[in-house]
Amino acid sequence: MGARKPSNDRRFVVDLLAIVFGIGSWIGVNSVYVQLPLLVQSAPEGWNLPSFLVVTIQLGNVGPILYTATQRWRSFRDANLIIALLLLGSGATLATAFAHDQTVVVFGEPHSVPLFITVFVVALVGCTSSVLFMPYMGRFKDIYLITYLIGEGLSGFLPSILALGQGVGGNAECVLVNDSIAWETPVYESYTPPPRFGTNVYFIISSALLLVSLVAFVLLDRWDISIAEHAAVTIGNGNNYTYEASDKTVSTGTAAIEAGEKRLPTVSYWLLMLLIGGMCLFGNGFFPSIQSYSCLPYGNVAYHLAVTLSSMANPAACFLGFFVRRNTVRLNVLLAVLFVPFAAYAMTTAITSPAPPLMHHTIGDILVISCWTVLIGLISYIRLSITTLLRREGGQTLVWVGVASQMGSLAGSLLSFGLVNFTDSFEQYYPC
């Protein structure tokens, strides 16, 4: 093949397609997360619903496991698999619009089984995108990987903007339901004003966005203008690429080592692995399960804003990573230390539910919303920063980063599921 074009030689339309394609990676899962303030109001699991969904989403990792296993004995055209995944994700998200309030009796108690099934399928798409979508972009010039990552960040931002427009109606109120009968004891029921539009409309819009992402990918894969932006690369089995020697990098499997770059000391290497596993334990597994207990005592509005703004903090932190040039092991350790007080406050508000600090005070609402927004932003930035540092190690390092991330996420989800559902550590607040 010919020499690779200069990195600054790009086409805006391909950038746009890469962004829209990236949006389809996690938009299904993120849509479920930011809709939790409304889902917990009607689900039979109540405030325990996030812990069930976090474990369900972690089960979606069976997708990349199956993909990796099948690649050893049979190759598939990765583009066809991506098309199938985006179609599956769109269908599952559409099904969630009609299944989210359906229940099935299990062991004598109603549970949101239809919701768990559709969320599992949606999670399959998100988890498998890690081994399919980003590696697919490896066939394009490196400048388009950045725009894809911006799109991946928008997969959390767009559902949050949609949820802010939707609202949650307001905080729960106690309404007298038998005031017409004077001799009876007054009976009050909790009433929450409805949002601007329902959960079913929300998921229908999310499903449509996945279809738009599918169209963008087809154009990215088949359009001559897009194909012309491929790197000087030989495409092998699946997502395995071999770049021409002119790329100033030495191919070493799944990553590349820049010429003359020093490797990290062994202690620093494993410290970073431990840190990214810990960040994923809290960010992907533990804290999403207890956020309802931390925020809902302050009201539905506070929970809604904490979820949506923290979802926005994720792509904002990733976007910031493109401009911050300084990235060292020491800086990541300092950021991890800074994370501790915010994590401690979030944990304190959850454990002290149903009467957390500064409840029924505006400052309490502001503190809990700000805490969760900064907390998720810090976790996202630390994960991005550590991944960038470890990527330079080459070889199978990014594989081990993925293993550490998923093991941490799984451990956090199982720990939180056990604490929330089988202990009295967390208590629900009832407004009436």
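**View 1. Arg11, Lys141 and Glu229 belong to a network of salt bridges in this predicted model.** Within the network, Glu229 pairs with Arg11, and the closest N and O atoms of these two residues are 3.7 Å apart. The pair links distant parts of the chain, since Glu229 sits in the loop between α10 (224–227) and β5 (233–235) while Arg11 belongs to the segment before α1 (12–23), 218 residues apart. Glu229 has a relative accessibility of 2% and therefore counts as buried, whereas Arg11, with a relative accessible area of 41%, is partly exposed.

**View 2. Asp78 and Arg139 form a salt bridge through their side chains, with an N to O distance of 2.9 Å.** Because Asp78 lies in helix α6 (residues 78–99) and Arg139 in the loop between α7 (113–136) and α8 (143–166), the pair ties together parts that are 61 residues apart in sequence. Both Asp78 and Arg139 are buried.

**View 3. Asp221 and Arg222 are joined by a salt bridge whose closest N and O atoms are 2.8 Å apart.** Asp221 counts as buried at 6% relative accessibility, while Arg222, at 44%, counts as partly exposed.

**View 4. The protein chain as a whole contains 15 helices and 8 strands.** Of its 432 residues, 47% are buried, and the accessible surface of the chain comes to about 20300 Å², of which 67% belongs to carbon and sulfur atoms. Among contacts between residues at least 6 apart in sequence, 82% join residues at least 24 apart. The count of salt bridges comes to 4.

Definitions and conventions: Residues are numbered from 1 along each chain as its sequence is written. This is a predicted model: local features need pLDDT of at least 70, side-chain atom pairs count only at pLDDT 80 or more; totals for chains, interfaces and linings use all residues. Side-chain values use heavy atoms; hydrogens and water are left out. Helices (H or I, at least four residues) and strands (E, at least two) are DSSP runs, numbered from the N terminus. Buried means under 20% relative accessible area, exposed over 50%, partly exposed in between (1.4 Å probe, protein chains only). Contact means heavy atoms within 4.5 Å. Accessible areas come from the Shrake-Rupley method with a 1.4 Å probe; for residues, only the protein chains shown count as cover.
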